[in-house]
Amino acid sequence: MTIDPTDIDRLTPPELVTLEQPPASKEECIEFLLDVAVEAGRVDDREQALSDLLQREEEATTGVGFGIGIPHAKTSAVTRPSVVFARSEEGIDFDAMDDKPAHLLFMLIVPEEGGEEHLEILSSLSRALMHEEVRESLREAETVGAVRDTLKEAVSG
């Protein structure tokens with residue numbers, strides 16, 4: 001199973017997209033992304049979610065290269081999957097294999113009992129982001145709607 005455009009409405013509603021600049025350090029950036037989800041009412045236990053995200057980060061880098069960071073975790077702190085989007089003009093060091101800073105940031109949090117859905121979301125997102133035109137559109141998007149339209153188009157391709 002892959003995600004499709006209708007899944008973007010469920011996973012990344014407008015309140016999970018921010019055009020604000022995140023802090024420059026990886027850990028502060030992860031907290032910033034998490035707080036977007038907390039403020040949107042998508043997280044039941046902020047400290048647990050943060051702990052799970054940072055623990056996952058210690059296991060292996062979530063800097064996937066191409067200027068993309070996808071911190072992610074399965075956690076008991078949420079009851080439904082969420083994907084938060086932000087971008088950084090300066091770029092954030094996510095220890096990517098290509099040593100390039102991350103400018104496009106996606107935080108994926110899914111319920112612990114979420115089974116394979118977390119891998120399906122991660123896989124669909126990663127595939128979509130391999131296309132330069134998708135990354136370019138996300139970097140240039142001036143509104144939350146433009147970000148979401150790009151994501152919908154990217155996962156339908």
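This note sets out several points on a predicted model, for a reader meeting the structure here.

1. Helix α3. This helix spans residues 46–59, a run of 14 residues. From its first C-alpha to its last it reaches 20 Å, close to the 20 Å expected at 1.5 Å a residue. At its start, a side-chain oxygen of D45 comes to within 3.3 Å of the backbone nitrogen of E47.

2. The two sides of α3. The buried residues in α3 are A49, L50, D52, L53 and E57. They lie on the same side of the helix because the arc they cover around the axis is only 165 degrees. Turned away from that buried side is a face carrying the exposed residues E47, E58 and E59.

3. What covers α3. The elements over the buried residues of α3 include helix α2 (26–39) and the strands β3 (72–75) and β5 (102–111).

4. T75 in strand β3. T75 belongs to β3, one of the elements just named as covering α3. T75 is buried, with a relative accessible area of 0%. Leaving out residues up to four places away in sequence, T75 touches Q48, A49, D52, I109, V110, P111 and E112. Of these partners, A49 and D52 are among the buried residues of α3. The side chain of T75 also reaches the backbone nitrogen of A77, at 3.1 Å.

5. Strands β4 and β5. These two strands pair in the antiparallel sense, over 7 bridges. V83 stands opposite L108 in β5. Strand β4 is mostly covered, with 9 of its 11 residues buried.

6. The largest nonpolar core. This core has 24 residues, and F106, L129 and L138 have the most contacts inside it. At least two of its residues come from each of α1 (5–11), β4 (82–92), β5, α4 (117–129), α5 (132–140) and α6 (144–156). Helix α4 gives the most, with 5 residues.

7. The surroundings of L138. Setting aside neighbours within four places in sequence, L138 is in contact with F85, R87, L104, F106, L129, V147, T150 and L151. Two of these partners, F106 and L129, are named with L138 as having the most contacts inside the largest core.

8. A second core. There is also a separate nonpolar core of 23 residues, which includes F32, L53, F94 and L105. L53 has already appeared as one of the buried residues of α3, and this core is therefore supplied in part from the side of α3 that holds its buried residues.

Definitions and conventions:
Residues are numbered from 1 along each chain as its sequence is written. This is a predicted model: local features need pLDDT of at least 70, side-chain atom pairs count only at pLDDT 80 or more; totals for chains, interfaces and linings use all residues. Side-chain values use heavy atoms; hydrogens and water are left out. Helices (H or I, at least four residues) and strands (E, at least two) are DSSP runs, numbered from the N terminus. The expected span of a helix is 1.5 Å times one less than its number of residues. Buried means under 20% relative accessible area, exposed over 50%, partly exposed in between (1.4 Å probe, protein chains only). The arc is that of the directions from the helix axis to the C-beta atoms. Contact means heavy atoms within 4.5 Å. A polar contact is a pair of N or O atoms within 3.5 Å; within protein, one must be able to donate a hydrogen and the other to accept it, and residues adjacent in sequence count only if both atoms are side-chain atoms. A nonpolar core is a set of buried Ala, Val, Leu, Ile, Met, Phe, Trp, Tyr and Cys residues joined through side-chain atoms within 4.5 Å. Two strands pair if DSSP finds at least two bridges between them.
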